[in-house]
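Let us walk through this structure step by step, beginning with one helix and then moving to the interior and the surface.

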Amino acid sequence: MTVDDETGQVNDEADEPGWEVDPDDAWGLAVLEALGRQLRMQREQAGIKAATFGRAIGYGEAMVYKVEGGRRIPKQAYLLNSDKVLKANGVVAAMWEDFSKIRYPKTIRRLTELEARAVELQLYDPLTVHGLLQTPEYARALFQMRRPAYSAEQVEDAVAARMARRAAFERSPAPELSFVQDEWTLRRCLGGKLVLRRQLEHLLVVGQMSNVEIQIMPMDREEHAGVDGGIEVLKFSDGTATGRSPGIFNGRPVSEPKQLRILELRFGIVRAQALTPRESTGHIEQLLGET
């Protein structure tokens with residue numbers, strides 16, 4: 001159930017607002033249960049029945065029990081409305097910070113945490129525009145193409161998770177980010193020409209950042225060291241690093257110096273074979289003019 005913004009009435013729709021935690025995510029489940037108990041205590045201390053509370057915040061009684069029972073992550077609107085009804089002076093609304101941490105699958109959380117700690121990222125994606133560079137429209141188009149098909153809510157959850165990774169661009173001090181993109185990923189109109197145009201425009205904006213280098217691997221190159229797949233190398237301030245490539249080590253993340261050396265060697269050659277950042281900017285501008 002959701003509230004119609006115009007009428008203020010509770011709509012009798014499928015009980016979908018909110019997110020579920022991966023059953024294998026023990027930490028996420030523990031946090032969800034603890035937060036749910038806090039919400040139930042707040043409501044019971046206020047002397048409000050679940051059904052009455054649900055109507056007051058614009059959700060069904062079933063959703064109230066799911067959230068309080070640690071079986072569903074509420075959306076931010078649920079917490080904001082709850083804070084007002086309970087007169088919690090921001091205490092309940094502030095729970096969004098903790099809920100949002102478990103909103104995404106643990107694999108995505110782990111990746112986001114690593115990217116947030118990295119002082120240098122070396123990234124090559126031969127299939128699509130790299131996730132850190134994607135616009136919401138481009139990411140949404142990709143997730144809508146998944147088969148078996150995602151539900152509308154799964155698509156939006158996935159887009160939100162991908163956009164959350166943009167925090168890597170906003171840190172201070174800023175990390176050094178080096179991207180290599182195959183030209184064909186910038187020519188294929190995934191999602192339509194307008195989506196592609198906005199994606200190319202976004203690349204031009206991001207490419208102007210002093211800590212970001214974007215290089216294009218032209219389609220007419222006769223040699224290409226990246227034929228075995230994408231490459232990710234993340235380096236941290238303590239001198240450690242982690243990397244991954246689908247083409248070697250069975251796609252597993254690696255941190256041993258000997259294994260990382262192979263990934264860095266491949267990425268270094270790919271960079272050398274690609275256009276320079278300045279040439280790449282001109283190439284993106286040309287592609288934008290053709291789109």
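Which residues of helix α2 (residues 50–57) are buried? In this predicted model, the buried residues of α2 are Ala50, Phe53, Gly54 and Ile57. When one looks down the axis of α2, these buried residues fall within an arc of 100°, so they line one face of the helix. After α2 comes Gly58, a residue whose phi is positive, near 90°.

From this helix we can turn to the interior, keeping in mind that in soluble globular proteins nonpolar side chains tend to be buried together. The largest nonpolar core has 30 residues, and those with the most contacts inside it are Phe179 and Ile214. Several elements, among them β3 (118–125), β4 (176–182), β5 and α12 (277–290), each supply at least two residues of this core, while α10 gives the most to it, with six residues. If residues up to four places away in sequence are not counted, Ile214 touches Leu133, Phe179, Leu203, Val206, Gly207, Pro277, Ser280 and Ile284. Apart from this core lies another one, of 22 residues, which includes Ala50 and Phe53 as well as Val92 and Trp96; Ala50 and Phe53 are also among the buried residues of α2.

Finally, on the surface, Leu127, Trp184 and Met219 make a nonpolar patch of about 330 Å². Met219 is placed in the loop between β5 (212–217) and β6 (231–236), and Met219 counts as exposed because its relative accessibility is 54%, where exposed means over 50%.

Technical notes: Residues numbered from 1 in each chain as written. Predicted model: local features only at pLDDT ≥ 70, side-chain atom pairs only at ≥ 80, totals over all residues. Heavy atoms only, no water. Patch = residues over 30% accessible without salt bridge, like charges linked within 9 Å, V, L, I, M, F, W, Y side chains within 5 Å. Areas by Shrake-Rupley, 256 points an atom, 1.4 Å probe, with all protein chains shown as cover. Salt bridge = Lys/Arg side-chain N within 4 Å of Asp/Glu carboxyl O. Helix = DSSP H or I, 4+ residues; strand = E, 2+ residues; numbered from the N terminus. Buried < 20%, exposed > 50% of the residue type's maximum accessible area, 1.4 Å probe, protein only. Core = buried A, V, L, I, M, F, W, Y, C linked by side-chain atoms within 4.5 Å. Contact = heavy atoms within 4.5 Å. Arc of directions from axis to C-beta.
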